[in-house]
Every structure is written in structure tokens, then in C-alpha cells.
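Open your viewer, switch to a cartoon view, and get ready to click along with this tour. Each stop tells you what to select and what you will find there.

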Amino acid sequence: MALQLVIGDRNYSSWSLRAALVLELSGQAFSDIPVALYRPESLARLLSYSPTGKVPVLLTDEGPVWDSLAIAEYLAEVAPKAQLWPQERYARALARSICAEMHSGFQALRSHLPMDMARDQALAQLPEAVQEDIDRICAIWADCRGRFGHGGAYLFGQPGVADAFYAPVASRLRSYRVELPPDATAYVETIHQWPAFQRWRERAVQEVMK
């Protein structure tokens, strides 16, 4: 069985976007199975693919892999030549650290700035907690690009798991027209010029979920 990725609505499902970007980076052939979220039948459909009833889910010959971090680690082992994580030991540890921080943190930003790729409008006012999350994210980006970017536009020189995990944040910051420091603005532009991200965004604009 070829790899299949169960995803939610492309406009809104930030976790699905992360997994899809990592899959593209891995170079593995895959197809996607879109499931519309927030509908009465959504949970039942998702439970037919995963015991958690959530997206994303990677369907493999060995069984389902759920949770975006687990999917990233699985693909890093399946496709080691893709170098999804940085090759230098500390850089790799840092990349995993900031992905874990993204995975479990930034609740204010998630609550007040949900991903919506169709949106192009600022909030009347950013709550203080959201600004604190944004400041922390900008600091992460500046640190990684400054120390390990090797002069490239991505967090660790070439696109990897860390960029996939922060791509939905870059989308949010542009959708809500958030004012950013110049280096963070440059990174947001890098994500929006990333061909894999552009393909997802183009499909999100055209998507009609069934």
C-alpha cells in the first residue's frame, strides 16, 4: 500500500499542513484522504482511520501513524537521505526542541489566531498573551536562522521538519496582518515562497470538502 495521509480542511487544519509538508520533503509517494472537520459525521469517519479520531493520520503498510511529530519521526527513518532533521547533533536537538514547543505551546495564538488561509484581515487588537507568543516565535526564528541557517532562508539552512511545523504560524501571521520585525517578515515570505506550501495553499483556496 502506498502511503496515504488523512487530512482535514486545508484552510483550517494546521496539523494536517505540517504532516503534508514533511511528507513532501521526504520524497515518498503518497495520496491524501481529505475529511471535512466540524461536521456531525466527522468523528466517525476519522475513527475509521485512527483510534484518536483526529488528523493527521499516516496510513502505512504496517498500520496507522497518528500525531504530526510521530509522522515526522517515522518519515525521517523511512527516508534518511532526505535529511528531514539537521545533521549536526545540537542543531538536531534544537530542531526537535522547537517542534515540541510548537506542538504543545502557544495556546493564546492558537485560540485567537486560528489558521484560516482565506483570511486577510487584522484583529482590532492583539491580546497581550498573543503578542507574547509571537515575540517568542520571532525569537526562535531569529536564533535558529542566525546560528544554523548557514546563510539560507530556512531555519536550519534547508527546509526541514522545523519549517513544516512553523509554516502554519507563518500563514497565520500573514492572514492576520501581524506587524513583525524585518527578519521574521523575511522568514514568513520564505514559507510563502516554499513550493510545497504554495501547492497546499492553492488547493486550500479551491477546496470544496465533501
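## Stop 1: Two domains

Taken over C-alpha atoms, the centres of domain 1 and domain 2 are 21 Å apart. The contact between them takes 18 residues from domain 1 and 22 residues from domain 2. To see both parts, colour residues 3-82 as domain 1 and residues 89-197 as domain 2, following the domain assignment. Keep in mind as you look around that this is a predicted model.

## Stop 2: Where the domains meet

Now turn to the interface. About 1,700 Å² is buried between domain 1 and domain 2, and carbon and sulfur atoms give 66% of that area. Select Arg18, Leu21 and Leu25: in domain 1, these residues lose the most area to domain 2, together 32% of what that side buries.

Which helix gives the largest share of the side of domain 1 that touches domain 2? Select α1 (14-26), which supplies 8 residues and so takes that place. Helix α3 also supplies at least two residues of this side. Between the two domains, 4 residue pairs are in polar contact, and 1 salt bridge is found across the interface.

## Stop 3: The largest core

Next, look inside. The largest nonpolar core has 61 residues, and Ile98, Trp141, Leu155, Phe156 and Tyr166 touch the most other members. Show those five as sticks. Then select helix α7 (residues 161-175), which gives the most to this core, with 9 residues. The core draws at least three residues from each of domain 1 and domain 2.

Stay with one of those well-connected residues for a moment. What is phenylalanine 156 in contact with, leaving aside its neighbours within four places in sequence? Its partners are Pro86, Ala91, Leu94, Ala95, Ile98, Cys144, Phe148, Gly149, His150 and Ala162.

A second, separate core has 8 residues, and Val35, Leu46, Val55 and Leu59 are among them.

## Stop 4: Charged pairs

Side chains of opposite charge can pair when their charged atoms come close. A search of the whole structure finds 9 salt bridges, and here are some to visit.

Begin with glutamate 73 and arginine 96, whose closest N and O atoms are 2.8 Å apart in a salt bridge. Glutamate 73 sits in helix α3 (residues 68-78) and arginine 96 in helix α4 (residues 89-104), so this pair ties together parts that are 23 residues apart in sequence. Glutamate 73 is partly exposed, at 26% relative accessibility, and arginine 96 is partly exposed as well, at 35%.

Next, select arginine 136 and glutamate 101, whose side chains meet in a salt bridge with an N to O distance of 2.9 Å. Arginine 136 is in helix α6 (residues 128-148) and glutamate 101 in helix α4, so distant parts of the chain, 35 residues apart, are linked. Arginine 136 counts as partly exposed at 39% relative accessibility, and glutamate 101 counts as partly exposed at 25%.

Then move to aspartate 120 and arginine 177, a salt bridge with its closest N and O atoms 3.0 Å apart. Aspartate 120 is in the loop between α5 (107-112) and α6, while arginine 177 is in the loop between α7 and α8 (182-193), so the pair ties together parts that are 57 residues apart in sequence. Are these two buried or exposed? Aspartate 120 and arginine 177 are both exposed.

Finish this stop by selecting Arg10, Asp32, Arg203 and Glu207, which are linked in a network of salt bridges.

## Stop 5: Backbone surprises

Most residues other than glycine have a negative phi, and most peptide bonds are trans. Here are some exceptions to click on.

- Select valine 55 and proline 56: the peptide bond from one to the other is cis, with omega near 0°. Proline 56 is in the loop between α2 (42-47) and β3 (57-60).
- Select glutamine 83, where phi is positive, near 50°. Glutamine 83 lies in the loop between α3 and α4 and is partly exposed, at 34% relative accessibility.
- Select phenylalanine 106, where phi is also a positive value, near 60°. Phenylalanine 106 belongs to the loop between α4 and α5, and it counts as buried because its relative accessibility is 7%, under the 20% cut-off.

Conventions. Residues are numbered from 1 along each chain as its sequence is written. This is a predicted model: local features need pLDDT of at least 70, side-chain atom pairs count only at pLDDT 80 or more; totals for chains, interfaces and linings use all residues. Side-chain values use heavy atoms; hydrogens and water are left out. A nonpolar core is a set of buried Ala, Val, Leu, Ile, Met, Phe, Trp, Tyr and Cys residues joined through side-chain atoms within 4.5 Å. Buried means under 20% relative accessible area, exposed over 50%, partly exposed in between (1.4 Å probe, protein chains only). Helices (H or I, at least four residues) and strands (E, at least two) are DSSP runs, numbered from the N terminus. Domain bounds come from an automatic or database domain assignment. Contact means heavy atoms within 4.5 Å. Buried area is the accessible area (1.4 Å probe) that two parts lose on being put together, summed over both. A polar contact is a pair of N or O atoms within 3.5 Å; within protein, one must be able to donate a hydrogen and the other to accept it, and residues adjacent in sequence count only if both atoms are side-chain atoms.
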